[in-house]
Structure formats: structure tokens, C-alpha cells
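Colleague: Could you take me through one part of this model up close? I'd like to hear about a pair of packed helices, and whatever else you have to hand after that.

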Amino acid sequence: MAKRDYYEVLGVEKGADAAELKKAYRKKAMEFHPDRNKDNPDAEAKFKEVNEAYDTLKDADKKAAYDRFGHAAFEQGGMGGGRGGFSGGAGQGDFASAFSDVFDDLFGDFMGGQRGGGRSRAQRGSDLRYDMRVTLEEAYTGAQKTINVPTSVACTSCSGTGAANGAEPQTCPSCSGMGKVRAQQGFFTVERTCPACGGLGQIIKDPCPDCHGAGRVEKERSLSVNIPAGVETGTRIRLAGEGEAGLRGGPTGDLYIFIEVRPHAIFEREGVNLHCSVPVSMATAALGGDIEVPTIDGGRSRVKIPAGSQSGRQMRLRAKGMPALRGGGQGDMFIELAVETPVNLTAKQKELLQEFDKLGEDSNNPESSSFFKKVKSFWDGMKHS
């Protein structure tokens with residue numbers, strides 16, 4: 001049977017670049033892998049065909065020969081036969097090598113290493129997280145806070161190398177310094193972390209007694225953290241190099257401070273703006289007057305209450321809110337009036353309120369008057385329907 005065109009096998013155009021070829025190959029390889037198609041007797045043949053096509057087209061020299069001469073380039077005595085290291089198709093070894101490329105590409109990060117390069121004995125330390133709660137006042141002014149962070153620091157006894165008496169780590173004989181070992185299992189080339197060195201590629205025959213070869217020890221550190229003005233819940237502050245020490249002299253990770261601003265007893269925050277609900281007496285709301293309200297900086301502002309103010313009315317105090325964390329500027333503060341109904345009235349107060357109510361007119365209570373007119377109209381409409 002004549003071989004199918006390699007580009008057709010991968011489902012790409014003839015001018016496809018390396019990235020397109022690789023993407024198409026990965027898709028086809030996963031689609032026809034025998035382990036995924038146990039009930040399809042043709043899957044294995046298609047899988048091999050896909051690998052043969054990609055094994056040819058991923059190589060620039062083979063691809064150039066194929067584009068010029070087609071399959072004849074690799075046949076015995078063909079136009080390109082015997083040149084450039086070309087073989088007559090993809091055998092079992094070529095197939096395993098081709099699929100290994102994709103296997104590494106798909107799963108290499110989870111296996112914990114870089115293909116073909118091995119691991120360095122020095123590994124970067126982990127990043128750390130610290131959750132910090134601050135008051136709204138601290139978020140307004142900014143603050144300097146001291147925190148204690150339990151972490152790993154470089155071992156001073158061995159200077160972070162993990163070896164005692166200045167000895168140097170040696171190349172792991174099990175993996176030859178690669179940090180991983182491979183085993184052929186059918187169509188797969190399976191890669192695992194080397195059990196002898198734990199994936200480091202090196203072993204220490206005489207480990208440091210203080211850190212037991214890790215190059216770092218557990219310790220609590222005290223750090224000073226600058227909290228900038230304007231932070232809010234969710235703000236993240238990065239302290240470079242203040243995380244966990246690297247393994248065997250590797251670079252230190254970072255420390256991330258996550259900010260949570262505590263709720264305030266008086267103010268409610270919304271971005272850079274503040275809201276404050278202020279109770280006012282019924283008489284002040286009716287007659288008007290002045291009140292003093294607190295501000296987040298610890299000061300006070302005088303606010304004029306217009307006569308006839310209702311609950312829910314808002315007034316804005318410009319630039320009395322929170323500072324912006326980025327870009328400068330400052331938010332506003334919004335005062336919301338809450339008209340308070342008097343309680344615990346004396347007999348005289350009740351008598352005066354009753355007298356006031358008798359003297360009242362619709363113009364004194366326009367909202368209630370308007371509402372009950374609508375109610376009366378609604379009921380009248382129900383009677384005549």
C-alpha cells in the first residue's frame with residue numbers, strides 16, 4: 001500500500017512551520033495512542049504512521065528532502081537515499097524517540113526536570129506567604145510592621161553546600177548527574193526522578209551534621225515590613241529574597257505579604273471612598289442645623305444639615321477619603337443621614353407631639369401624603385373593577 005503524504009497524516013499544510021507541526025503531532029499522537037484506543041485495532045498502525053511523519057518533518061534536513069523528493073528520498077536507492085543520516089522510515093527506536101519528545105513536552109514539568117539537561121544541585125527556595133491584618137487607620141497613613149517568619153535559612157556550618165568540612169558534592173552514579181532515570185515500557189519512554197539523589201543529580205557522601213546535607217536549617221526570622229498608604233484587602237507586597245533558602249546553596253525564594261484591612265467601627269470603605277452613617281435628631285433634620293463628623297485622619301469636619309432632610313440623604317466631603325495606592329490622589333467621604341425617631345418620651349413630649357400632629361398639613365409630610373393618595377386611588381380602582 002502506498003504511503004500517505006506526511007502532511008496529510010498530520011493534518012497540516014505543506015508550508016507548516018515547526019510549531020504547527022509539533023502542535024498537530026501532539027494532537028494526533030494523543031488521539032491515536034493505543035492505550036486510549038484499546039477497542040480500535042487500527043489505532044496502533046495510525047499511531048506509528050503519525051510518529052513516522054513527525055519524525056521526518058521535525059528534522060530540517062529530512063523535511064527539505066521530503067519536500068523535494070517525497071517518500072522516494074528515504075527509499076533504498078532513492079533520490080536522497082543514504083545521505084544526511086536518513087533512515088528508511090521510523091523503526092521502533094525512532095518511534096520511541098519521537099514520542100519521547102512529546103511525552104517530555106506534555107509531562108516534563110510534572111516529572112520535575114528539564115529534558116536532556118539534568119538538574120542543578122542548587123535549587124531555588126520556595127516562595128512564602130504571610131497574611132497580615134492592618135487597621136483602616138494604618139491603611140490610611142501607612143505603617144512599619146515587624147513580623148516573625150518561620151522559614152529555612154542557609155546553614156552557616158557548611159555555607160549552604162550541605163557537605164561537611166568543605167567537601168564537594170559528587171555526581172550521582174545512578175543517573176550520571178541527570179537527576180532522573182528513564183525506562184522503556186512498550187511505546188513509552190518513562191522518565192522518573194532518580195531515587196538515589198532525589199532528582200538533584202549529585203550526592204553528598206559526607207553530609208553536614210547540622211543540616212543533614214540539605215544546606216539549610218529551620219529558623220524564625222524577624223523582618224520589618226513597610227506598609228504603604230492606601231493598601232486594601234487583597235493587596236500583595238513582595239519582599240524579594242526573603243522566602244525560603246535554596247537547597248544546597250540555591251537562590252532564596254520570595255516572601256509575599258497579603259494584606260487584610262480590618263472592618264472599622266465608624267467608616268465603611270469602598271475603593272478610595274469612605275462612607276459614614278450619621279444619626280441626626282428629628283428636630284435637627286426638620287429644622288436644619290450643624291453637626292460635627294469624624295474623619296479618618298483623626299480630625300473632625302462641620303457639616304450643615306439642610307432643613308427638611310430625610311433619612312438616606314448623602315453629603316460629600318471632598319478629599320476626606322483614602323489615599324490612592326497608585327497614581328496619587330485621594331478619595332471622598334460620604335455622609336449618609338439617618339433620622340432618628342425619639343424614644344422614651346415623657347408625658348409632656350408626647351403631648352407636644354400629638355399637638356404637632358394635629359396641626360400638621362400635607363405640605364409638612366409630602367412623601368407620606370403622596371403615598372397615601374396613591375393607596376386611596378388603588379383601593380378606589382379595586383372597588384370599581
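Modeller: Let's start with a term: a crossing is left-handed if the near helix is turned anticlockwise from the far one by less than a right angle, and right-handed if clockwise. In this predicted model, helix H2 passes helix H3 in a left-handed crossing. H2 covers residues 18–32 and H3 covers residues 43–57, and their axes lie 9 Å apart at an angle of about 165 degrees. Angles over 145 degrees count as roughly antiparallel, so that label applies to H2 and H3.

Now for who touches whom. On the H2 side you've got Leu21, Lys22, Tyr25, Lys28, Ala29 and Phe32, and they meet Ala43, Lys46, Phe47, Val50, Asn51, Tyr54 and Leu57 of H3. Sorted by class, that H2–H3 contact has nine nonpolar residues, three charged ones and one polar one.

Since you asked what else there is, have a look at the sheet too. It's an open one made of four strands, running E10-E11-E15-E14, with mixed pairing. Strand E10 (268–270) and strand E14 (314–317) sit at the edges, each pairing on one side only. Going from one strand to the next, the twist averages 30 degrees. Strands E11 (residues 273–281) and E15 (residues 333–340) pair in the parallel sense, over eight bridges. If you want a spot to click on there, histidine 275 stands opposite phenylalanine 334 in E15.

Definitions and conventions. Residues are numbered from 1 along each chain as its sequence is written. This is a predicted model: local features need pLDDT of at least 70, side-chain atom pairs count only at pLDDT 80 or more; totals for chains, interfaces and linings use all residues. Side-chain values use heavy atoms; hydrogens and water are left out. Two strands pair if DSSP finds at least two bridges between them. Helices (H or I, at least four residues) and strands (E, at least two) are DSSP runs, numbered from the N terminus. Axes are lines fitted to C-alpha atoms, for helices over the stretch in contact, and angles run from 0 to 180 degrees between N-to-C directions. Angles under 35 degrees count as roughly parallel, over 145 as roughly antiparallel, 65 to 115 as roughly perpendicular and the rest as oblique. Contact means heavy atoms within 4.5 Å. Ala, Val, Leu, Ile, Met, Phe, Trp, Tyr, Cys and Pro count as nonpolar, Asp, Glu, Lys and Arg as charged, and the others, Gly among them, as polar.
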